[in-house]
Amino acid sequence: MDAEQVRRDVRAWLEANWNPELSLVEWRAKLADSGWGCPTWPVAWHGRGLPAALGDVVAEEFERIGAVSTPGGGGMSLAAPTILEHGSDELKSRLLRPIITGEATWCQLFSEPGSGSDLAGLTTRAELDPVTDEYVVNGQKLWSTSAHHARFGMLLARTNWDVPKHRGITYFALEMQQPGVVVKPLRQMNGYASFNEVFLNDARVPAANAIGEVGNGWTVALATLAHERRSFDALRAARAPKGHGRALDEQRRETAEIMAPYVWYPQRAGRADLVVERAKATGRNADPVVRQEIVKLLSLARASEWTARRAKAARVLGRPPGPEGSLGKLYASEVARACARVHTLISGTDSLLAGADGPLEGIIAEILLSVPAVSIAGGTDEIQRNIVSERVLGLPKDPTLDADRPFRDVPRNRL
Ligand SMILES: Cc1cc2nc3c(=O)[nH]c(=O)nc-3n(C[C@H](O)[C@H](O)[C@H](O)COP(=O)(O)OP(=O)(O)OC[C@H]3O[C@@H](n4cnc5c(N)ncnc54)[C@H](O)[C@@H]3O)c2cc1C
């Protein structure tokens, strides 16, 4: 099927069906039934099996007519693709539809106080209760974005301690609204509270909610992480269309809630877009040193953007992920840090003033306090460099002392 045919089909369908007076869930149920909400998903699972390039054509038509699409957030961008790749048919039929309609939001319960970079060293335990066929989960998760409103968590827990660390982990879909799950917000240095600590005290998850085989959770987690690294900015994708009507109004409220943890994400990217205007406004554009730094920054930002576009184009053409993908995340960190330096050069000590006292109503200070997050979230720069050196350049692997012995025997810190 070619782009023009797809454009004609989706346009005809939208003209016949888009009704802003439906409730958000009613409208998205139509998207799930027709396949137009997730056109690149398989036909059997609410999609139309289209390649990514034709998915973009569908998105353009939604935007043109101002129709509501699927929700933003980790449900669509991380949980759904993982379930599609690794979930049983029973899980797919139970979990995918509420993600599309927005009835179920998701958070990622991966990191723990003692395991972030060394994610496979996690110690949250899940033990099977054979009477109820449920796993009983105990442990603590950390940095869990959106856990305060999520209905499900993508939970990694250890189900076998007698095998090496990568082989004893299981990936579960955990219901968050239950007495065994306690969510506490964490305040960051930039003032926002986007993350949470999640305490799991005898939380329960049905055995049927294991995504992939029991003990094979590491492979499933890699799928989620690949989606996160590939589209680590996609969480910002939720945009509320303009106009009025029940579906549109409900979507605006939904977007406000889902996107609240991400309001500072533009600042964490460093805001290269503000640099030239700021230099002109402050007169620092006349300083040759500042001019040179601005040009260096903008060249880096442009090269990084082109690399990201090459990675996207390769994906659209169905090519396997190449080195561009691995470099993209690393360069996002380089650009963010370079932006922070140049903003400081331009604004001087004023950059430290937060809120209304600071330049751009505190945006510059917010940039300085937010950019460190880019080089940590979704895997730190050092880990990303390890990935580039081992998988792209083929250099020898980091030595490891714990990968082959039963996890029970691996020495570790006691918290
Ligand atoms: C904005 C943001 C959002 C996040 N959202 C989520 C979320 O929703 N869910 C979730 O589960 N987690 C989330 N995280 C957590 C994130 O995945 C972890 O912070 C990250 O993986 C690093 O782990 P850590 O904080 O435990 O640092 P550590 O692993 O303790 O690392 C500390 C330092 O040691 C370095 N280091 C560690 N191992 C190596 C090595 N082998 N070689 C070289 N250097 C090494 C690291 O690079 C780092 O500089 C989020 C983090 C941020 C900043």
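Where does α11 bend, and by about how many degrees? Before answering, keep in mind that what you have open is a predicted model, and then select helix α11, residues 323–347. Centre the view on K329, where α11 bends by about 30 degrees.

**Along helix α11**

With the helix still selected, follow its 25 residues from end to end: the distance from the first C-alpha to the last is 36 Å, which is close to the 36 Å expected at 1.5 Å a residue. Step past the end of the helix to G348, which follows α11 and has a positive phi, near 65 degrees.

**The domains**

Next, colour the chain by its divisions, which are domain 1 (3–101 + 233–260), domain 2 (106–223) and domain 3 (265–378). If you place a marker at the centre of domain 2 and another at the centre of domain 3, taken over C-alpha atoms, 33 Å separate them. Now show the ligand, which lies between domain 2 and domain 3, because both of these domains give residues to the shell around the ligand.

**The ligand and its shell**

Select the 19 residues around the ligand, and pick out S111, S117, W143, T380 and E382, which come nearest. By class, this shell is made up of eight nonpolar, eight polar and three charged residues.

Three contacts deserve a closer look, and the side chain of E382 is a convenient start, since one of its N or O atoms is 2.6 Å from an oxygen atom of the ligand. Turn then to T145, where a polar side-chain atom lies 2.9 Å from a nitrogen atom of the ligand. At W143 it is the backbone that you should display, as one of its N or O atoms lies 3.3 Å from a ligand nitrogen atom. If you switch to a surface view, the ligand taken alone exposes 980 Å², and the protein buries 68% of that.

To see which elements supply the shell, select α8 (265–268) and α13 (381–392), the elements that give two or more residues to it. Of the elements, α13 gives the most, with three residues.

**Two residues with positive phi**

Finish with the backbone at two residues that are not glycine. Select R271, which is found in the loop between α8 and α9 (275–282), and check its phi, which is positive at about 60 degrees although R271 is not a glycine. Then move to strand β7, residues 195–206, where D202 has its place; the phi of D202 is near 55 degrees, again a positive value in a residue other than glycine.

Technical notes
Residues numbered from 1 in each chain as written. Predicted model: local features only at pLDDT ≥ 70, side-chain atom pairs only at ≥ 80, totals over all residues. Heavy atoms only, no water. Near = heavy atom within 4 Å. Polar contact = N/O pair within 3.5 Å; in protein donor to acceptor, adjacent residues only side chain to side chain. Areas by Shrake-Rupley, 256 points an atom, 1.4 Å probe, with all protein chains shown as cover. Helix = DSSP H or I, 4+ residues; strand = E, 2+ residues; numbered from the N terminus. Nonpolar A, V, L, I, M, F, W, Y, C, P; charged D, E, K, R; others polar. Domains from an automatic or database assignment. Expected span 1.5 Å × (residues − 1). Bend = angle between axes of the 7 residues up to and from the residue.
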